[in-house]
Amino acid sequence: MNILISAAALLILILLVIVGIEAAGLEYFFGVFIPYMAVVIFLSGIIFKLIGWARSPVPFRIPTIAGQQKSLGWIKSSKLDSPATILGVVGRMVLEVLLFRSLFRNTKYETKPGQKLVYGSAKFLWIAALIFHWSFLIIILRHLRYISEPIPSLVPLLQNLDGFFQVGVPELFITNILIVVSLAFLFMRRTADPKNRYLSLTADYFPLLLILAIAITGIMMRYFTKVDIAGIKTFAMGLVSFKPVVPESINVIFYIHLFLVSSLLVYFSFSKLLHMVGVFLSPTRNLSNNNRSVRHVNPWDKPVRIHTYEEYEDEFRDKMKAAGLPLEKE
Amino acid sequence: MYDSGKILAGIIIFILLITFPFWLNSIQGEYKGEPELVIDRSNGAQCVKSTDYMRNSHMTLLNEWRDEVVRNDNRFYTISSGERIEMSLSNTCMSCHANKEEFCDRCHDYSGVKPYCWDCHIEQKKLETN
């Protein structure tokens, strides 16, 4: 059911563009208005969320650790998995963001026939996530060639590496295959296993399908239906230099691609995709484990009125003495 | 404790990264629109395919030609007017689209495309001058 809703939502988005372009001729709306609006919503949505996070108090130290805490000098401590210094935290965060070490520790559990519950390592989620995210990043960076003039030298470098095998003309990009395969795996992971299917929501399927559709429309334009690359660059440069020109003779697939990317940008800050910025603010990862060496005073605590035993005894000395209770001071 | 200072710095870095293409182009200001391509029409030869097709798919055509010539030893191609032409980039196409710098390269540089045709093939003109 959740899959159907996601697929239906995606289909509606695609149909909207086809009807809008082919029947209503809304090239300006889909080519200029929607992309600008999407960028504005993307930026303001993320900034809005970040401001909300900035106004929230940081919790008490709650790092989840996977190694020996720093204590006595002769006990070997784990500098990355139980970081006590800022440097350790930075190292931990860099590895988390770039290599997804948390996912590397992912485990699965299953009951095989005739066996008890068995726990085992499950690296496929980690490897597929890694491949997907890196491919997506490289693909996005490659798209800089459409929105910059002159093109930064990073782009040809990436293109050379990505088209390393020089298959066909235009060269086959390795990331194009990898992103589709990894997305297909991530989708299958949710659907093939009943436990995961039970846990998966529309909000899990929709971004997967949306990004898959974006990748597929892009691949279609590059290898199959073909588009006028120079014309699209002129159009994209018009957008980034705030002198938008509506392209003629551009295939409807390009508009679908553009509209789905715009949808992704709009959807971004209201969904799980916000983990792109949220990962930096994970308190279980970005806090150092120095609870025992540094005293953390809760700054928003109200001062507590303390009534010590000495004060208590001073207050009730007479009565306590009358009752025959032992006193510390006579 | 609040991390608002760090988050504010993060917001600024994020905005700069995302709006990078917008301000980069306004700083550089070198963008002059789509490049103009130079074609020598003096010999009155016919086009192999329509401009629209060529703008989108010339690389596919060249790839098919290469396969035909190299693998099937078929060196001729019939265009829509019925004329038979030689399947050759440097001899056929480049008799009108003569100047690599002013035709091929302009558009390829503009679109950030580096075709590896020229890894092996050489421009006729260069061959003659050398």
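Buried means under 20% relative accessible area, exposed means over 50%, and partly exposed lies in between. The structure treated in these exercises is a predicted model.

**Exercise 1. A salt bridge within chain A**

Task: Decide whether A:Arg105 and A:Asp81 are buried, partly exposed or exposed, and describe how their side chains meet.

Solution: Begin with A:Arg105, whose relative accessible area is 38%, so that this residue counts as partly exposed. Continue with A:Asp81, which at 13% relative accessibility falls under the limit of 20% and therefore counts as buried. The two side chains meet in a salt bridge, with N and O 3.0 Å apart. This pair links distant parts of the chain, since A:Arg105 lies in the loop between helix H4 (101-104) and strand E1 (107-111) of chain A, while A:Asp81 lies in the loop between helix H2 (27-54) and H3, and the two are 24 residues apart. As a last step, add A:Arg101, which is linked with A:Asp81 and A:Arg105 in a network of salt bridges.

**Exercise 2. The contact between the chains**

Task: Describe the interface of chain B and chain A by its residues, its buried area and its polar pairs.

Solution: Take the residues to start with: chain B gives 34 of them to the contact, and chain A gives 46. The size of an interface is often given as the accessible area lost when the parts come together. Here the area buried between chain B and chain A is about 3600 Å², and carbon and sulfur atoms give 66% of that area. Turning to polar pairs, there are 9 residue pairs in polar contact across the interface, counting pairs with both residues at pLDDT 80 or more. The elements of chain B that give two or more residues to the side touching chain A are helix H1 (4-18), helix H2 (20-28), helix H3 (51-72) and helix H5 (101-111).

**Exercise 3. Two partners of one arginine**

Task: Find the salt bridge between the chains that involves B:Arg55, and then the partner of this residue within chain B.

Solution: Between chain B and chain A the count is 1 salt bridge. It is formed by A:Asp228 and B:Arg55, whose closest N and O atoms are 2.7 Å apart. Within chain B, the side chain of B:Arg55 also meets that of B:Glu34 in a salt bridge, again with an N to O distance of 2.7 Å. B:Glu34 lies in the loop between H2 and H3 of chain B and B:Arg55 in helix H3, so this pair ties together parts that are 21 residues apart in sequence. For the surroundings, note that B:Glu34 is partly exposed at 32% relative accessible area, and that B:Arg55 is partly exposed at 32% as well.

**Exercise 4. A nonpolar surface patch**

Task: Name the residues of the nonpolar patch and say which helix supplies its largest share.

Solution: The patch covers about 610 Å² and is made by A:Ile86, A:Val90, A:Val94, A:Leu98, A:Leu99, A:Trp134 and A:Leu137. Helix H3 (86-99) and helix H5 (124-142) of chain A each supply at least two of its residues, and the largest share, 5 residues, comes from H3. Consider A:Val94, which lies in helix H3: its relative accessible area is 41%, so it is partly exposed.

**Exercise 5. Unusual backbone values**

Task: Locate the cis peptide bonds before A:Pro150 and A:Pro170, and the positive phi values of A:Gln166 and B:Asp73.

Solution: Most residues other than glycine have a negative phi, and most peptide bonds are trans. The bond from A:Glu149 to A:Pro150 is nevertheless cis, with omega near 0°, and A:Pro150 stands in the loop between H5 and helix H6 (154-162) of chain A. A further cis bond joins A:Val169 and A:Pro170, where omega is about -5°, and A:Pro170 belongs to the loop between H6 and helix H7 (174-192). A:Gln166 is found in the loop between H6 and H7 of chain A and has a phi near 50°. In chain B, phi of B:Asp73 is near 55°, and this residue lies in the loop between H3 and strand E1 (76-78). To finish, compare the exposure classes: A:Gln166 counts as partly exposed at 40%, whereas B:Asp73 is exposed at 59%.

Terms used: Residues are numbered from 1 along each chain as its sequence is written. Chains are lettered from A and ligands numbered from 1 in the order in which they are written. This is a predicted model: local features need pLDDT of at least 70, side-chain atom pairs count only at pLDDT 80 or more; totals for chains, interfaces and linings use all residues. Side-chain values use heavy atoms; hydrogens and water are left out. Patches are made of residues with over 30% relative accessible area and no salt bridge: like charges are joined within 9 Å, nonpolar side chains (Val, Leu, Ile, Met, Phe, Trp, Tyr) within 5 Å. Accessible areas come from the Shrake-Rupley method with a 1.4 Å probe; for residues, only the protein chains shown count as cover. A salt bridge is a side-chain nitrogen of Lys or Arg within 4 Å of a carboxyl oxygen of Asp or Glu. Helices (H or I, at least four residues) and strands (E, at least two) are DSSP runs, numbered from the N terminus. Buried means under 20% relative accessible area, exposed over 50%, partly exposed in between (1.4 Å probe, protein chains only). Contact means heavy atoms within 4.5 Å. Buried area is the accessible area (1.4 Å probe) that two parts lose on being put together, summed over both. A polar contact is a pair of N or O atoms within 3.5 Å; within protein, one must be able to donate a hydrogen and the other to accept it, and residues adjacent in sequence count only if both atoms are side-chain atoms.
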